[in-house]
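Grab a pencil and work through these exercises with the model open beside you. Each one has a task, then a solution in steps.

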Amino acid sequence: MRILLLTLVVPNPPDSGPKIKTHYLLRYLAQRHEVTLVSFVRSEAEEAAARDLEKLCKAVYTVPMRRSRLRDSGYLLASLVSARPFLMLRDESRAMRRLLKDLTAREQFDLVHADQLNMAQFGQATGLSMVLDEHNAVWTIFERLARRERGARRLLLEWEWRRLKRYEGRICKASAAVMAVSAEDRVALLAAGAVDPIPVIPIAVDIAGGKPVQRRPDAQGILSMATMYWPPNIDSVLWFAREVLPHIRRDAPEAPFYIVGARPPAEVRALADDPTIQVTGYVEDPQPYLESSALLIVPLRAGGGMRVKILEALARGIPVVSTTIGAEGIDVTPGEHLLIADEPAAFAGAVVRLLHDRALGDRLAAAGRHHAVTRYDWRSVCPAVERVYDRALQVAGRVRPVLAE
């Protein structure tokens, strides 16, 4: 098939959750179909990363995206008198619409694959049969964030999640096919007004192609790996540092806490005033931190979809301590593949267990990797998207085309 793939971020290199998910899907699709990629870019480095994908795609097109706090403030004000959510207004782009109009006028495509809800508005504008790839039920993320806020911020988040819920339901209904990454997200999309079938196709990573990390015998690090500009990740790190870490310090006062992730805000950077906390920002190669850590923490209290960082940790043989929300959507058994805790003292207790019991960490790591290889490798997961494409073509009253050799 001739597929037009629209992405919010360039799916290369695979170094964050959304990029990992789409990178391996693209690798699968490129082996079997003609894929034209259209993506937003935010820097020269992203543009270069997009050009690198030309070896997989028939063609790659990019559109610059400019963001700033001033622009976001304007979109926030506009959203207060608009039926469209802030997130969709923020990512609106005339340049993207012009590019897609010109592209679809001169080339034929069998369907458009909108990667994440933010790209659906552009997929709809093409007039093609659209597959909506929901990385998460977006409305639930903001609903959960709103629960933890007070005052004006809570009111804004309440307003946003309610509009997102209505918008997400309408977009799903208008799509020829929709796919979710977890059963929880599927239920949330149905609650927003989407209709079945919504197949669940989990996020997949390159498990079989990688090797477990050889952790140092004296590894005592506590590792957080997450993009630090996403509000749920910021909240999780601050909660861990303020509420959980003091409990841990009673039993492991010198254990270093590594916060690895791009673009940490000032309140996260300020945590490094504690000499046992290191805030790195983006690192190209996290291997030294993985080798020096006894475990990875995923202390999320809000979010949706699946945490790719847990899949990556399982794939690399790193023990994990997560909240229930952090592990949501992933088929794992607490106590067998990872440890789960939600309250500060309990979460701290799980971390301390792994800091002091290397054998327990090794057992969790081995079981987690074995489970992930059989359940979440992209080579076995991605073929399910073919059935989603067939449904999209059927809704459009078409049959799957056969490309000439």
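Helices and strands here are DSSP runs, at least four residues for a helix and at least two for a strand, numbered from the N terminus. Keep in mind that this is a predicted model.

**Exercise 1. Size up the chain.**
Task: work out how many helices and strands there are, and how the radius of gyration compares with the globule rule.

Solution.
- Step 1: Count the elements. The chain has 17 helices and 12 strands.
- Step 2: Check the radius of gyration. It comes to 21 Å, and the globule rule gives 22 Å for 405 residues, so the chain is as compact as a globular protein of that length.
- Step 3: Box it in. Along the principal axes, the C-alpha atoms take up roughly 65 × 50 × 40 Å.
- Step 4: Look at burial and contacts. Buried residues make up 57% of the 405. Of the contacts between residues at least 6 apart in sequence, 69% link residues at least 24 apart.

**Exercise 2. Two loop residues with positive phi.**
Task: find where Gln 116 and Arg 263 sit, then decide whether each is buried or exposed.

Solution.
- Step 1: Place Gln 116. This residue is in the loop between β4 (111–115) and α6 (120–125), and its phi is positive, about 85°, although it is not a glycine.
- Step 2: Place Arg 263. Look in the loop between β8 (257–260) and α11 (266–269); phi there is near 55°, again in a residue other than glycine.
- Step 3: Apply the cut-offs: buried is under 20% relative accessible area and exposed is over 50%. Gln 116, at 13%, is buried, while Arg 263, at 57%, counts as exposed.

**Exercise 3. Hunt the cis peptides.**
Task: say which loops hold Pro 13 and Pro 197, and what omega is for the bond leading into each.

Solution.
- Step 1: Start with Asn 12 and Pro 13. The peptide bond joining them is cis, with omega about -10°. Pro 13 belongs to the loop between β1 (2–7) and α1.
- Step 2: Move on to Asp 196 and Pro 197. That bond is cis too, with omega near 0°, and Pro 197 is in the loop between α9 and β7.
- Step 3: Stay in the loop between α9 (183–192) and β7 (221–225) to find Ala 208. Setting aside neighbours within four places in sequence, Ala 208 touches Asp 377 and Arg 379. The C-alpha atoms of Ala 208 and Arg 379 are 8.7 Å apart, with these positions 171 residues apart along the chain.

**Exercise 4. Cover a helix, then find the gaps.**
Task: establish how many residues of α13 are buried, then describe the lining of the second largest cavity.

Solution.
- Step 1: Go to α13 (residues 308–316). Eight of its nine residues are buried, among them Lys 309 and Glu 312.
- Step 2: Ask what does the covering. The cover includes α1, β7, α10, β10, β11 (320–322) and α15 (358–375).
- Step 3: Search for cavities. Two of 30 Å³ or more turn up in the whole structure.
- Step 4: Take the second largest, at about 40 Å³. Its lining includes Lys 309, Ser 224 and Pro 299, with α10 giving the largest share, three residues. By type, that lining is seven nonpolar, three polar and one charged.
- Step 5: Turn to the largest cavity, with a volume of about 130 Å³. Of its 14 lining residues, Lys 21, Leu 25, Ile 201, Pro 202 and Cys 382 lie nearest the centre. The lining divides into 11 nonpolar, no polar and three charged.

Conventions: Residues are numbered from 1 along each chain as its sequence is written. This is a predicted model: local features need pLDDT of at least 70, side-chain atom pairs count only at pLDDT 80 or more; totals for chains, interfaces and linings use all residues. Side-chain values use heavy atoms; hydrogens and water are left out. Contact means heavy atoms within 4.5 Å. On a 1 Å grid over the protein atoms alone, a cavity is a set of points where a 1.4 Å probe fits but cannot get out, and a pocket is an open set with protein on both sides within 12 Å along at least five of seven lines; lining residues have an atom within 4 Å of a point. Grid points are joined across faces, edges and corners, and a volume is the space filled by probe spheres set on the points. Ala, Val, Leu, Ile, Met, Phe, Trp, Tyr, Cys and Pro count as nonpolar, Asp, Glu, Lys and Arg as charged, and the others, Gly among them, as polar. The radius of gyration is taken over C-alpha atoms; the globule rule is 2.2 Å times the number of residues to the power 0.38. Buried means under 20% relative accessible area, exposed over 50%, partly exposed in between (1.4 Å probe, protein chains only).
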